[in-house]
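Here are my notes for a colleague opening this entry for the first time. Please keep the model on screen while reading.

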Amino acid sequence: MIYLTAGESHGPELTGVIEGFPAGLTLSIEKINEKLHARQCGYGRGYRQKIEKDEVKITSGVRHGVTLGSPITLRIANIDHKHWGEVMKPIGAPDPEVAMREVKKPRPGHADLVGGMKYGHRDLRNVLERSSARETAMRVAIGAVCTQLLNQLGITIAGYVRSIGPIEADGERLLSPDEIEQAIALNDLRIVDQDKVEQIHEFIDRMKKAGDTLGGVVRVVASNVPAGLGSYISWNEKLDAKIAAAVLGINAFKGVSFGDGFELSRRSGSNVMDQIYWDKEQGWYRSSDHLGGFEGGMTNGMPIIVNAAMKPIPTLYKPLHSVAIDSKEEQKASIERSDVTAIVPASLIIESVVAIELCKIILDTFDCSRFHRLKKQYNDYCEELKNY
Ligand SMILES: Cc1cc2nc3c(=O)[nH]c(=O)nc-3n(C[C@H](O)[C@H](O)[C@H](O)COP(=O)(O)O)c2cc1C
Ligand SMILES: C=C(O[C@@H]1CC(C(=O)O)=C[C@@H](OP(=O)(O)O)[C@H]1O)C(=O)O
């Protein structure tokens, strides 16, 4: 399976194409739209989310709700485009009467300056529009398609927020996907610790007033994943490495770890390795999951635990030092409408890219032309593992 996304933040729409997805999978549009809606929520988001109402339109690869095996095309309209029609029209010369809302003062932490230097753009809007995390709406839609395939194989994935800026809001133990779903349904921060909600709201409000921004850490847990996905044979077959690349492919993500993460490096081996057990009922299992479900680049049958760290949002309403690209005058960076923090939607976005990578490896490992056959092979494989 491969996929591609296209579209500018204030252009007419986002487009995604998935190729190599099996025929015969029943797909729910409602479930895709639920994820898109969830990505728009979360305390700390900016005004743009009040304008958009993300909904997917499927224009190929699905008929009467069932996948055909042909490329699936997904489209999401940018409602905000109506305010940017002349500035962002794909074809036709710009109207000299309309201000083009050019961006000339690159924002530190954004792709603005380097993107302009590399591609020769003199209006940094040409960089900003595609480097914007608006694109993640499409990755969530693609992730939602992949999640439906995984769910039908019994695999579940859930993401939540572990910390926002300096404030920790983590559960003490590893929660089950159901517990995570329940916990995050209770607040607009996707945090497990309900007692911290007020404190974090106040902190985000304070940052907003100060013209500053926040990042955070999220965790995604994938459960009921069979052992042996990925391979130790070559570096580029290691599934943990593929997931890490997918996570760092999300705007503003700067760190990724598995299981107990960097903390593992401070402990002795006896406190890190997940000891091996077997019983007739469940076959092979471990008594702990410090390593986050990976050994030798392969899943080991324990839940996959991915932690991912997001830097603060780079656009500041109290802007930082910059230099105008034409005049070379020292100036404050441009201000574009912005979120204070996007760590809440980010937990769902990371969930989505983990789903995409898991789906890809499953489709690479088993016969992917027909879902029914894939499922049979997959179940046989799981049975074989149990009897090893
Ligand atoms: C869901 C989400 C929303 C974001 N919203 C904003 C925003 O409103 N303003 C902003 O400056 N950056 C925002 N970002 C981060 C930038 O897109 C990102 O930092 C920038 O493209 C530079 O890429 P890099 O941080 O990966 O180097 C957002 C990121 C995500 C994942
Ligand atoms: C549009 C989304 O996020 C955008 C990501 C983003 C950025 O620079 O990454 C900047 C902001 O764009 P705008 O200036 O249009 O408000 C965010 O709103 C979205 O998540 O749907």
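The points below take the ligands, then the annotated sites, then two helices and a strand residue.

1. **Status of the model.** This is a predicted model. Please read every value below as computed from that prediction.

2. **Ligand 1.** Start with the shell around ligand 1, which holds 21 residues. The closest are Ala 133, Asn 251, Thr 315, Asp 339 and Ala 342. By type, the shell divides into 10 nonpolar, nine polar and two charged residues. Helix H9, residues 343–365, gives the largest share, three residues.

3. **Ligand 2.** Which residues come nearest to ligand 2? They are Arg 48, Ser 132, Ala 133, Arg 134 and Arg 337, out of 13 residues around this ligand. The make-up of this shell is two nonpolar, five polar and six charged residues. Ala 133 deserves a look from both sides: it is listed among the closest residues to ligand 1 and among the nearest to ligand 2.

4. **A pair of annotated arginines.** An unreviewed UniProt entry marks Arg 39 and Arg 45 as "binding site". Arg 39 sits in helix H1, residues 29–40. Arg 45 lies in the loop between H1 and helix H2, residues 48–51.

5. **Buried or partly exposed?** The cut-off for buried is 20 or more other C-beta atoms within 10 Å. Arg 39 has 28 such neighbours, so it counts as buried. Arg 45 has 19, and is therefore partly exposed.

6. **Contacts of the two arginines.** Sequence neighbours up to four places away are left out here. Arg 39 touches Ala 137, Val 140, Pro 345, Leu 348 and Ile 349. Arg 45 is in contact with Asp 339 and Ala 342. Both of these contacts of Arg 45 are also named among the closest residues to ligand 1.

7. **The longer annotation.** The unreviewed UniProt entry also lists a further set under "binding site". Among them are Arg 130, Ser 132, Asn 251, Lys 311, Thr 315 and Arg 337. The full set spans 208 residues in sequence, and its farthest two C-alpha atoms are 44.0 Å apart, so the residues do not all gather at one spot. I would not treat the list as one site on this model, because its members do not all gather at one spot.

8. **Two members of that set.** Arg 130 belongs to helix H4, residues 125–131. Arg 130 is partly exposed, with 16 other C-beta atoms within 10 Å. Ser 132 is in the loop between H4 and helix H5, residues 136–152. Ser 132 is partly exposed too, with 18 other C-beta atoms within 10 Å. Ser 132 also appears among the nearest residues to ligand 2.

9. **Helix H7.** H7 covers residues 197–209, 13 residues in total. From first C-alpha to last, H7 reaches 19 Å, close to the 18 Å expected. Its buried residues are Ile 200, Ile 204 and Met 207. Seen down the axis of H7, they fall within an arc of 60°, so they line one face. Residues three or four places apart in an α-helix point the same way, because a turn takes 3.6 residues. The buried residues of H7 pack against strand E8, residues 156–164, and strand E9, residues 167–168. The face turned away carries the exposed Glu 198, Glu 202, Arg 206 and Lys 209. Gly 211 follows H7 and has a positive phi, near 70°.

10. **Helix H10.** H10 runs over residues 371–386, and its 16 residues should span 22 Å. Its end C-alpha atoms are 22 Å apart, which agrees. Which residues of H10 are buried? They are Phe 371, Leu 374 and Tyr 378. Seen down the axis of H10, these fall within an arc of 55°, so they line one face of the helix. Strand E3, residues 23–26, is part of what covers them. On the other side, His 372, Asp 380, Glu 383 and Glu 384 are exposed.

11. **Tyr 285.** Tyr 285 is found in strand E13, residues 283–286. With 16 C-beta neighbours inside 10 Å, Tyr 285 counts as partly exposed. Beyond its neighbours within four places in sequence, Tyr 285 is in contact with Tyr 277 and Gly 301. Gly 301 is 16 residues away in sequence, and its C-alpha is 7.2 Å from that of Tyr 285.

Conventions: Residues are numbered from 1 along each chain as its sequence is written. Chains are lettered from A and ligands numbered from 1 in the order in which they are written. This is a predicted model: local features need pLDDT of at least 70, side-chain atom pairs count only at pLDDT 80 or more; totals for chains, interfaces and linings use all residues. A residue is near a molecule or strand if its C-beta atom, placed from the backbone, lies within 6 Å of it. Ala, Val, Leu, Ile, Met, Phe, Trp, Tyr, Cys and Pro count as nonpolar, Asp, Glu, Lys and Arg as charged, and the others, Gly among them, as polar. UniProt positions are given in the numbering used here, feature names are shortened, and annotations may be inferred rather than shown by experiment. Helices (H or I, at least four residues) and strands (E, at least two) are DSSP runs, numbered from the N terminus. A residue is buried if 20 or more other C-beta atoms lie within 10 Å of its own, exposed if 12 or fewer, and partly exposed in between; C-beta atoms are placed from the backbone. Two residues are in contact if their C-beta atoms, placed from the backbone, lie within 7 Å. The expected span of a helix is 1.5 Å times one less than its number of residues. The arc is that of the directions from the helix axis to the C-beta atoms.
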